[in-house]
Amino acid sequence: MADEPTTEQAPEQAPSGGMPKKLVMIVAAVMALEVVAVGAFLVLSGGGTGEASAEIEYDPEDDPDALVEVQLIADRFQNMHTGRVWQWECEVFVNVKRKNQEAVQKVLESRNAEILAGVGSIVRKATHSQLREPELQSLKRKLGAYFRDVFGADEDEEDRIVRVLIPKLRGAPADF
């Protein structure tokens with residue numbers, strides 16, 4: 001029984017808490033190899049010449065049919081369609097042709113309160129699912145129809161409003 005180790009004998013030395021030197025060297029070598037490979041790829045792919053140039057062949061500021069954005073609304077509206085009061089922070093822009101921009105601005109200045117009330121009415125009447133649509137298609141259609149009535153058509157019998165944009169429509173329950 002003398003050949004069997006006893007628990008009283010000193011255990012073998014446990015490895016120290018640090019990483020083995022061999023592993024650190026391997027990781028460093030792999031990282032260095034990656035740097036060389038990425039550098040070689042960038043050099044061989046041609047990179048850029050360092051110079052960039054562009055010519056503007058078309059200046060949309062001279063084109064009367066170029067689209068411009070006009071902000072119509074930036075306000076908060078309430079909606080109680082779910083049985084709960086929700087506050088909706090809303091921004092509405094429209095795309096109009098440059099030739100119609102001045103006419104739209106004049107109508108906006110003279111009928112601002114009416115437009116604000118109309119948009120507020122549409123938001124208040126909208127269902128919660130319409131206000132939560134990913135692309136807000138229902139709300140854009142309703143607003144587009146309303147804006148066509150308000151802003152009318154131009155001298156070419158085309159609608160002054162080309163497209164309705166709603167970049168911000170954030171809702172939150174108002175009762176907390």
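1. By "buried" I mean under 20% relative accessible area, with exposed over 50% and partly exposed in between (1.4 Å probe, protein chains only). This is a predicted model, where local features need pLDDT of at least 70, side-chain atom pairs count only at pLDDT 80 or more, and totals for chains, interfaces and linings use all residues. Residues are numbered from 1 along each chain as its sequence is written, and side-chain values use heavy atoms, leaving out hydrogens and water.

2. On to H5, with helices (H or I, at least four residues) and strands (E, at least two) taken as DSSP runs numbered from the N terminus. Its buried residues are Ser138, Leu139, Leu143, Gly144, Tyr146, Phe147, Val150 and Phe151. They pack (contact: heavy atoms within 4.5 Å) against strands S1, S2 and S3 and helices H2, H3 and H4.

3. The length of H5 checks out: its 15 residues (137-151) should span 21 Å at 1.5 Å a residue, and the end C-alpha atoms are 20 Å apart, which agrees. The expected span is 1.5 Å times one less than the number of residues. Just after H5, Gly152 has a positive phi of about 70°.

4. The sheet is open and antiparallel, with three strands in the order S1-S2-S3; strands count as paired if DSSP finds at least two bridges between them. S1 and S3 are the edge strands, each pairing on one side only. S1 and S2 pair over 12 bridges, and Gln71 stands opposite Phe93 in S2.

5. H2 packs on the sheet, touching S1, S2 and S3, at about 30° to the direction of S1. H3 also packs there, touching S1 and S2, at about 55° to S1. Axes are lines fitted to C-alpha atoms (for helices, over the stretch in contact), with angles from 0 to 180 degrees between N-to-C directions.
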